[in-house]
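Student: I've got a structure open and I'd like to talk it through with you. Can we take it step by step?

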Amino acid sequence: MTSIPTRLAEAQAPRYTSYPTAPHFHDGVDGEVYRGWLEALPAETPLSLYLHVPFCHQLCWYCGCHTAVANDYKRVGAYVGLLRREIGLLAEVLGHGRPLSGLHWGGGTPSILSAEDFTAVMAQLREVFDFQDGAELAIEIDPRHLTAEKAEALAGAGINRASLGVQDFNPHVQDAINRVQPFETTAAVAGMLRDAGIGALNVDLMYGLPHQGLNDVKQTAALTAEIRPDRVSVFGYAHVPWMKKHQRMIDTQALPGAEARLAQADLAERVLQLQGYRAVGLDHFALPGDPLFRAAGEGKLRRNFQGYTTDQAEVLLGLGVSSIGNLPQGYAQNDKDLVSYGKALRGGRLPVVRGIALTAEDRLRRAVIQALMCDFAVDLDAQAATQGQAGFDFSESLTRLAPLADDGLASIDGGRVQVSPEGRRVVRLIAACFDGYLGAGGRHSRAV
C-alpha cells in the first residue's frame, strides 16, 4: 500500500484540469471579450472542440457534472437547436475552414441525442471546420441507453473513440449511487461499438463510493479488463454536496475513509497492471499500444477539462451550456443557466459570462503544474526561461513543498522537482504548492 500520511490523504486540492482553476473565474470575461480573443487567433491555429450536453435519462447521485434529467426529447431537441446556433455564431467570427484536431462530446449524456440530431450537428461542424486526418472524435456514452442503431449512427458521423461510464459493477454499490448497470449491459455495448467500427474504447471507474469495499474495487477492475478497453480511468469520488445538492442523497456514513480510499486506489492499479495496463498520469491507465501511453512516454501528455489527453491543440473551444474554452488569452465559460444561454444565442450573442485572462505569471505557473501533473517532474528554471520569466522566484512555492519532500513524496534539487513513486498519489497536493491563487476562495475535493 502507498505510504501516504492520513493528514495528506484527507487534505483538499484542485484537480488541476485548468490553471487558474474555475473558482477564480469572474464576469470580467464576457461574450465580447471572447469574440475579441477568437478574432485574434491566427487562421492556421489548430482547434479542438468540446460540446456539452446537459441532459441524462436519470440522475446518478455521485455525479459532479452540470446536467439534469430530460423527461421528454423535446427539451433535448430544443437544446440541439441552440447548440447549432452557437456553431453558427462561431462560424461568423472565425470563418470556415479552421483546422480541427480533436472533438469531444461530454455531459451529461451526449448519446441521448437522436441519431438524426447527432448526425446533423456533426455535418454542420464539418461544414465549418476542416477535420484533420487522425483527429480523435470522442463521445461519452451511458451504456444503459445505447442501441446498435445508435452505435452505427455515431460511427457514421465519424466518431472513433467512445468512453463508457461504469463506476462500479457491484449491485449494492450501484444501488447506493442510483446507477444500476449490469456488467453484461456494458460488455454488450462495447461489442456494439466495435461492430459499428468504433474500436477505441475508454471505461470510467470510481473508488471511494458509498458501501464500496476492496472486493468491489477488485471485481470491477477485473471485469473491466475482460472488456479490454484501450484506456481506463479510476477517479476518486469527489463528495461535494455544497456544489452538487443531489449528492446529499448519498449516505456520508457509508463513504470509505481516507485510508480505505487509498487502499482502493492502490488495489485498482494493481489489478489493472496485472492485466497489462500501464499507469498514465494520476488516474488513467492504458494498454501499451494506445496513443495515451505513447504520449506519456514521449513527454507529450496533456491535461484538460476531460482529464489526460493526447490532444496537442493550444485552443479548446467550449460549446454548450456551462462549457469552458481555453485560448491563448485565457479561459472563457458559457452561461450555466439554460434559459440565459438560449436568450444570448437567440439575440446573436456568444453566451460566455465568465472566465479569466491569463497573466505572464499564470502561464508560467500553469506550465509548472501541467508538467507535475503529466510528467511528475519539472525543471523550474527551464520553464521560467521558456515562458519569458527567467529568474522567477519560486522560493515561496518551494517552502510550501518542503514538508512534502520531508515525507518522501517529492525531491528538490536546485530548481528541479521530482515526484517520488509514493508521491504520485498526492501529486495534486504537490502541484498546489505552485498555485498562486490557492487560499483565495473555493473548496475542493480530497487529494486521494
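Tutor: Sure! Keep in mind that this is a predicted model. Let's start with Leu401, which lies in helix 14 (residues 395–406).

Student: Is Leu401 buried or exposed?
Tutor: Use the cut-off here: buried means under 20% relative accessible area. Leu401 has a relative accessible area of 0%, so it counts as buried.

Student: How far apart are the C-alpha atoms of Leu401 and Cys63?
Tutor: Along the chain, Leu401 and Cys63 are 338 residues apart. In space, their C-alpha atoms are separated by 32 Å.

Student: Now the strands. How many residues of strand 8 are buried?
Tutor: Strand 8 covers residues 231–236, which makes six residues. The strand is mostly covered, and the number of buried residues is five.

Student: Do strand 7 and strand 8 run parallel or antiparallel?
Tutor: Strand 7 takes in residues 200–207, and six bridges join it to strand 8. The chain gets from strand 7 to strand 8 through helix 8 (residues 214–227), in a right-handed β-α-β crossover. As for the direction of the two strands, they run parallel.

Student: Which residue in strand 8 is the bridge partner of Leu205?
Tutor: Look along strand 8, residues 231–236. There, the bridge partner of Leu205 is Val234.

Student: What about strand 10: which of its residues stands opposite Arg231?
Tutor: Strand 10 (residues 284–286) pairs with strand 8 over three bridges, in the antiparallel sense. Opposite Arg231 in strand 10 stands Ala286.

Student: Let's do charges. How many salt bridges does the count come to?
Tutor: One example is the pair Arg161 and Glu136, whose side chains meet at 3.1 Å, N to O. Counted over the model, the salt bridges come to ten.

Student: Why does the pair of Arg161 and Glu136 tie together parts that are apart in sequence?
Tutor: The side chains of Arg161 and Glu136 meet in a salt bridge. Arg161 lies in strand 6 (residues 161–167) and Glu136 in strand 5 (residues 129–141), so the parts they tie together are apart in sequence by 25 residues.

Student: Does Glu136 count as buried or partly exposed?
Tutor: Its partner Arg161 has 5% relative accessibility and counts as buried. Glu136 has 25% relative accessibility, and the cut-off for buried is under 20%, so Glu136 counts as partly exposed.

Student: Which residues are linked with Glu136 in a network of salt bridges?
Tutor: Glu136 also meets Arg231 in a salt bridge, at 3.5 Å, N to O. That pair links strand 5 to strand 8, with the two positions 95 residues apart along the chain. Arg231 is buried, at 6% relative accessibility. The residues in the network with Glu136 are Arg161, Arg231 and Asp290.

Student: Which residue forms a salt bridge with Glu269?
Tutor: Glu269 lies in helix 9 (residues 258–274), while its partner sits in the loop between strand 19 (416–419) and helix 15 (427–432), so the pair ties together parts 156 residues apart in sequence. The partner counts as buried, at 12% relative accessibility. The closest N and O atoms are 2.9 Å apart, and the partner's name is Arg425.

Student: Which element supplies the largest share of the lining of the second largest cavity?
Tutor: The search finds two cavities of 30 Å³ or more, and the second largest holds about 50 Å³ of space. Its lining includes Leu205 and Val234, the bridge partners from before. By class, the lining has six nonpolar, three polar and one charged residues. The largest share, three residues, comes from strand 7.

Student: And the second largest pocket: which element gives the largest share of its lining?
Tutor: This pocket has a volume of about 790 Å³. It is lined by 33 residues, and among the closest to its centre are Arg302 and Glu314. The lining divides into 15 nonpolar, eleven polar and seven charged residues. The largest share is nine residues, and they come from helix 12.

Conventions. Residues are numbered from 1 along each chain as its sequence is written. This is a predicted model: local features need pLDDT of at least 70, side-chain atom pairs count only at pLDDT 80 or more; totals for chains, interfaces and linings use all residues. Side-chain values use heavy atoms; hydrogens and water are left out. Buried means under 20% relative accessible area, exposed over 50%, partly exposed in between (1.4 Å probe, protein chains only). Helices (H or I, at least four residues) and strands (E, at least two) are DSSP runs, numbered from the N terminus. Two strands pair if DSSP finds at least two bridges between them. A crossover is right-handed if, with the strands pointing away from the viewer, the path from the first strand over the helix to the second runs clockwise. On a 1 Å grid over the protein atoms alone, a cavity is a set of points where a 1.4 Å probe fits but cannot get out, and a pocket is an open set with protein on both sides within 12 Å along at least five of seven lines; lining residues have an atom within 4 Å of a point. Grid points are joined across faces, edges and corners, and a volume is the space filled by probe spheres set on the points. Ala, Val, Leu, Ile, Met, Phe, Trp, Tyr, Cys and Pro count as nonpolar, Asp, Glu, Lys and Arg as charged, and the others, Gly among them, as polar. A salt bridge is a side-chain nitrogen of Lys or Arg within 4 Å of a carboxyl oxygen of Asp or Glu.
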